[in-house]
Amino acid sequence: MGFFLEALIGGLMAGMLYSLVALGFVLIFKASGVFNFAQGAMVLFAALAMARFAEWLPQWLGLESKLLANLLAFAIATVLMFALAWLIERLVLRYLVNQEAATLLMATLGISYFLDGLGQSLFGSNVYQIDVGMPKDPLFLFESVFEGGVLINQEDIIAAVIAACLVAALSVFFQKTGTGRALRAVADDHQAAQSIGIPLNRIWVIVWCVAGITALVAGIIWGSKLGVQFSLTTVALRALPVVILGGLTSVPGAIIGGLIIGVGEKLSEIYLGPYVGGGIEIWFAYVLALVFLLFRPQGLFGEKIIDRV
Amino acid sequence: MSNKKIGDVILDVQNISLRFGGVKALTDISFDVREHEIRAIIGPNGAGKSSMLNCINGVYQPQEGSITFRGRTFRGMNSRQVAEMGIARTFQNLALFKGMSVIDNIMTGRNLRMKSNILLQALRIGPAQREEEAHREFVEHIIDFLEIQAHRKTPVGQLPYGLQKRVDLGRALAMEPQVLLLDEPMAGMNLEEKQDMSRFILDVNDEFGTTIVLIEHDMGVVMDISDRVVVLDYGKKIGDGTPDEVRSNEEVISAYLGTSH
């Protein structure tokens, strides 16, 4: 039982991280109807900026405090992501208003390759560390209930709390502010939104900024766990099944989809792995996504698409 | 008709020509719209009515001609800038925000008038809270006016067609426009819905003093509610005047009776 719980919690934590990346997809899709293929590249770019500036700043400024260096690096990375959002709108999206979704998708694919290259030529292509001082020691819980207790990473708990705060803030932003309302309006219909005076360009900058911050947070958490390296972009591929499962238009869907996939991967690896020869973790998410595409293409929480014929 | 006061020319369309490649959608169209009047643009299918509206709304940029609104000539403006000047529109094929509730849809119409910054909005403090409440009150007023109180929280995608058309009108009204462009407001409606919509259009014109430019395919309804009518056929203007003048115009009769009807 203790072992099952441990696997379950481990899965939930991994799922939380998938959710964070998936959230970036959902945000941009919700607000602009664009499936942003570049989200993975944005995670890498943000994490690289964070890791490298945290390393460079103490050298340049002779800073002693690690906390200060991290905070400054975080601020710089945030500004970089904002600048990136602005540039993407200015140079790419502005010319694609009212275009087909497929055109926009291809554009983001291009942005993704560009960002991969730019990030690595600016910041280098080695493996870098992000150390934001998260406690690494494992905790033992429920020692009185089970023999040996349940082992949990403190780091994971902090990551989960951060992710939860981010999600709460985003929900308030989308549901409770006039700007959030304008974002949802733009997502539904570009043309109509413009005709009532919603500035499409500014809305797009805002939503890419928000997605940039989400990417930064995801990048920091993933980066401090696994190190910052090119393979971070493949995390985004892991998040694809998550959005298919949860529904492309649903913030809670991204969270729950991530958790289901995280837990499913871990548990199936442990309990089914021995029968099929292991390696389930690698394909589990994709197979689940395929099943969903067959039987519930809008995902768990997505809006059902009804076409008037 | 009613004894409302019709003012000076508020919107002046001069010599508009619009081409899509080799297709001439509009050729040398001129007409004016006076303050507080209901001005209809009618014509058979494909006459260029919607193209005309889209030129005024800034969706299309005509190759020739000019449009002057309250003394300001606009050229190369997009629909957002046109909206800022005080021109609102509704859509022929509903362009509502389907996933959002009726209230949220109409609230988006207040977007241009929202002043407080986004942080204050999120935290709901002080002026932002008061502003939201004031806008909300205005929107409730519109909802009462359009008699859709019972549906205020319903996602618009789930409403019947006739009601969606009302929400579309409500969203445009929320902008408190000086000129309201209506693109076939009665298309696809049954007789009862048409009568309701006619009543709303007359009431908007009467109560808010909004100038209305409306496109209609169906001559009957339009003739009853419009002050003046422009008739288009194959992208050219073939008639302009009061409903009675238009009705007795030879060219108009042949365009309608001789071709499609």
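Begin by selecting A:Val291, which in this predicted model sits in helix H12 of chain A, the helix that covers residues 280-295. A:Val291 counts as exposed because 12 other C-beta atoms lie within 10 Å, and a residue is called exposed at 12 or fewer. If you add A:Asn36 to the selection and draw a line from C-alpha to C-alpha, the two residues are 23 Å apart in space, while 255 residues separate them in sequence.

Next, select helix H8 of chain A, residues 200-226, and look along its length. The end C-alpha atoms of this helix are 38 Å apart, which agrees with the 39 Å that its 27 residues should span at 1.5 Å a residue. H8(A) is mostly covered, since 21 of its 27 residues are buried. Just after the helix comes A:Gly227, which has a positive phi near 90°.

Keep H8(A) on display and add helix H2 of chain A, residues 39-61, whose axis comes within 7 Å of the axis of H8(A) and crosses it at roughly 65°. The crossing of these two helices is right-handed. To see the contact itself, show the side chains of H2(A) that take part, among them A:Met42, A:Val43, A:Ala46, A:Ala47 and A:Met50, together with those of H8(A), including A:Ala215, A:Leu216, A:Gly219, A:Ile220 and A:Trp222. Colouring the residues of this contact by character gives 13 nonpolar and 4 polar, with no charged residue.

Now bring chain B into view and select the residues where the two chains meet, a contact that takes 21 residues from chain A and 27 residues from chain B. On the side of chain A that touches chain B, the elements that give two or more residues are helix H5 (154-176), helix H6 (178-188) and helix H7 (190-195). Of these, H6(A) gives the most, with 7 residues. What is the character of the residues on the side of chain A that touches chain B? They divide into 8 nonpolar, 7 polar and 6 charged.

Turn next to chain B alone and colour it by domain, with domain 1 made of residues 1-86 and 177-261, and domain 2 made of residues 98-174. The C-alpha centres of the two domains lie 27 Å apart, and the contact between them takes 11 residues from domain 1 and 8 residues from domain 2. On the side of domain 1 of chain B that touches domain 2, helix H2 (79-85) and helix H7 (191-207) of chain B each supply at least two residues, and H7(B) gives the most, with 4 residues. The residues on this side of domain 1 of chain B divide into 8 nonpolar, 1 polar and 2 charged.

Two residues of chain B remain to be visited for their backbone angles. Select B:Asn15, which is placed in strand S1 of chain B, residues 9-20, and note that its phi is positive, near 50°, although the residue is not glycine. B:Asn15 counts as exposed because it has 12 C-beta neighbours inside 10 Å.

Then move to B:His36, in the loop between strand S2 (23-34) and strand S3 (38-42) of chain B. B:His36 also has a positive phi, of about 70°, without being a glycine. Is B:His36 buried or exposed? B:His36 counts as buried, because 20 C-beta neighbours lie inside 10 Å, and 20 or more is the cut-off for that label.

Definitions and conventions. Residues numbered from 1 in each chain as written. Chains lettered and ligands numbered in written order. Predicted model: local features only at pLDDT ≥ 70, side-chain atom pairs only at ≥ 80, totals over all residues. Contact = placed C-beta atoms within 7 Å. Nonpolar A, V, L, I, M, F, W, Y, C, P; charged D, E, K, R; others polar. Domains from an automatic or database assignment. Expected span 1.5 Å × (residues − 1). Axes fitted to C-alpha atoms, helices over the stretch in contact; angles between N-to-C directions. Left-handed = near helix turned anticlockwise from the far one by under 90°.
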